[in-house]
Amino acid sequence: MDMYSEADYSQNVRFIGDLKPDFERAALVSIEPSGFYIRQPPKPHELETEITDDSQLFQTIHMGAAVVDQDQWILVVDGMVDRPFTTTLSQLKAMPKVTMTAFHECYGSPLAAPIHALWRIGNVEWTGVRLSHLLELARPREAGIYVWSQGLESGSFGGVSADRFEKDLTIEKALQPEVLLAYAINGQPLDKNRGGPVRLVVPGWFGTNSTKWLCRITIQDHRATGPYTTKFYNEIDPTDPSGTVTRPVWAVEPNSMIVRPNPEQVLRRGTIEIWGRAWGCDEICSVDISIDGGLTWLPKHVSHLNPRVSFEWQLFKAEVELEAGVYNITCRAQDTKGIQQPLAGRRNHVHSVSVTII
């Protein structure tokens, strides 16, 4: 456990037996404001910095923002474990902290078909405690294959009411070192609208899985039963020929965007620099560049791609000699599993910008 003994962790939790149902929800003061809220991110060409400032990062709130009494905040870890326990915010922060840089992407509305590219994306530094440490302390039983996470908010979304926001992860993903119980973003405490005081962060998976206003982690032998796993955030598997098999909205498929040149920019003929970002659950291994909207692709050696260190987005660059004319510059990412961005009709289809060369 990273040179930190189980005894050390045990000092920061309280092992429990039977608890009054939902006692951890006493930390909820109010829902303010209530109802759905979204703050769109800037356009791709405005996301110039490697680390995205919180003011430029999208926000999605389904049922309203939870106002939480941090002094009363309790996290419960229970379910199919040998040693259920609780921990307070101060106890959690006393555990070894981890800072991880990771892209953070919104899947988009679960009420709409996933056919429109959004580029609702940012790249941030999360600080918190590894979920795997807490699970190791709780000792999940072999039958526990899903890790549920519950938030403190309640209300209605899409005509469906829920008394809490509830999601799930596979136990395999939950035990990965990148999955955090985060209490800071870019070095600052999480505020109310960002899901503070503590939220789950699941790098490589869509933001909907990173439960805000976290209050309970529960290990179970089946998927979570709330509307955000049953009614919402399931999609038709694009690899299914019949078009009938669904899958959870979990792992992020390969995606990319052009930051420079700007859309509709006018440039002088000669060497044109193209650069942008690529990301996905699995590392991106190549980014192809087209100057004719994807009809043809330039040789792979034209573009350079930074390798991935953790789960951050990856910078790609290319220099192309262009004569006078109008060009539709397009980028297409491919990951280490060989999965490539589609050209159209999907939420992660390729990004293009039109430029004029004089």
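This is a short dialogue on reading the features of a predicted model.

Colleague: Start with the overall picture. How many helices and strands does the protein chain have?

Modeller: The protein chain has 5 helices and 27 strands. Its C-alpha atoms fill a box of roughly 75 × 45 × 40 Å along the principal axes.

Colleague: What does the radius of gyration say about the protein chain?

Modeller: Set it against the value for a compact globule. With 358 residues, that value would be near 21 Å, and the protein chain has 22 Å, so the two agree. Burial and contacts add to the picture. Buried residues make up 54% of the 358 residues. Among contacts with a separation of 6 or more, 74% link residues 24 or more positions apart.

Colleague: How do I read a nonpolar core? Which residues touch the most other members in the largest one?

Modeller: The general idea comes first. In soluble globular proteins, nonpolar side chains tend to be buried together. Here the largest nonpolar core has 44 residues. Trp73, Leu92, Leu131, Leu181 and Ile217 touch the most other members. Several elements give two or more residues to this core, including strand 5 (64-68), strand 6 (74-79), helix 2 (89-94) and strand 17 (214-220). Helix 3 gives the largest share, 5 residues. Apart from this core lies another, of 23 residues, among them Leu47, Trp119, Phe157 and Tyr233.

Colleague: Take one hub. What is leucine 92 in contact with, beyond its neighbours within four places in sequence?

Modeller: Leucine 92 is in contact with Trp73, Thr87, Val129, Leu134, Leu181, Tyr183 and Val198. Two of the names recur: Trp73 and Leu181 are also among the residues that touch the most other core members.

Colleague: Now helix 3. Is it mostly covered or mostly open?

Modeller: A general point on helices helps. An α-helix has 3.6 residues a turn, so residues three or four places apart point the same way. In this case, helix 3 is mostly covered, with 7 of its 8 residues buried. Those are Leu131, Ser132, His133, Leu134, Leu135, Leu137 and Ala138. Arginine 139 follows helix 3, and its phi is positive, near 60 degrees.

Colleague: On to sheets. What order do the strands take in the antiparallel open sheet?

Modeller: Read the order across the sheet, then look for the edges. This open sheet has 4 strands in the order 20-22-25-24. Strand 20 (255-260) and strand 24 (303-305) are the edges, each pairing on one side only. From one strand to the next, the twist averages 25 degrees. Strand 24 meets strand 25 (residues 314-322) over 3 bridges, in the antiparallel sense. Within that pairing, leucine 305 has phenylalanine 316 as its bridge partner.

Colleague: Which open sheet has mixed pairing?

Modeller: The mixed one is a sheet of 4 strands in the order 21-27-26-23. Its edge strands are strand 21 (266-267) and strand 23 (284-290). Strand 21 pairs with strand 27 (residues 351-357) in the parallel sense over 2 bridges. Leucine 267 stands opposite isoleucine 357 there.

Colleague: Last, the cysteines. Why is cysteine 285 not bonded to cysteine 281?

Modeller: A disulfide is a covalent bond between the sulfur atoms of two cysteines. Distance settles this case. The sulfur of cysteine 285 is 14 Å from that of cysteine 281, its closest cysteine sulfur, and so too far for a bond. The count comes to 0 disulfides. Their surroundings can be read as well. Cysteine 281 is buried, with a relative accessible area of 15%. Cysteine 285 counts as partly exposed, at 44% relative accessibility.

Notes. Residues are numbered from 1 along each chain as its sequence is written. This is a predicted model: local features need pLDDT of at least 70, side-chain atom pairs count only at pLDDT 80 or more; totals for chains, interfaces and linings use all residues. Side-chain values use heavy atoms; hydrogens and water are left out. A nonpolar core is a set of buried Ala, Val, Leu, Ile, Met, Phe, Trp, Tyr and Cys residues joined through side-chain atoms within 4.5 Å. Buried means under 20% relative accessible area, exposed over 50%, partly exposed in between (1.4 Å probe, protein chains only). Contact means heavy atoms within 4.5 Å. Two strands pair if DSSP finds at least two bridges between them. Axes are lines fitted to C-alpha atoms, for helices over the stretch in contact, and angles run from 0 to 180 degrees between N-to-C directions. A disulfide is a pair of cysteine sulfur atoms within 2.5 Å. The radius of gyration is taken over C-alpha atoms; the globule rule is 2.2 Å times the number of residues to the power 0.38.
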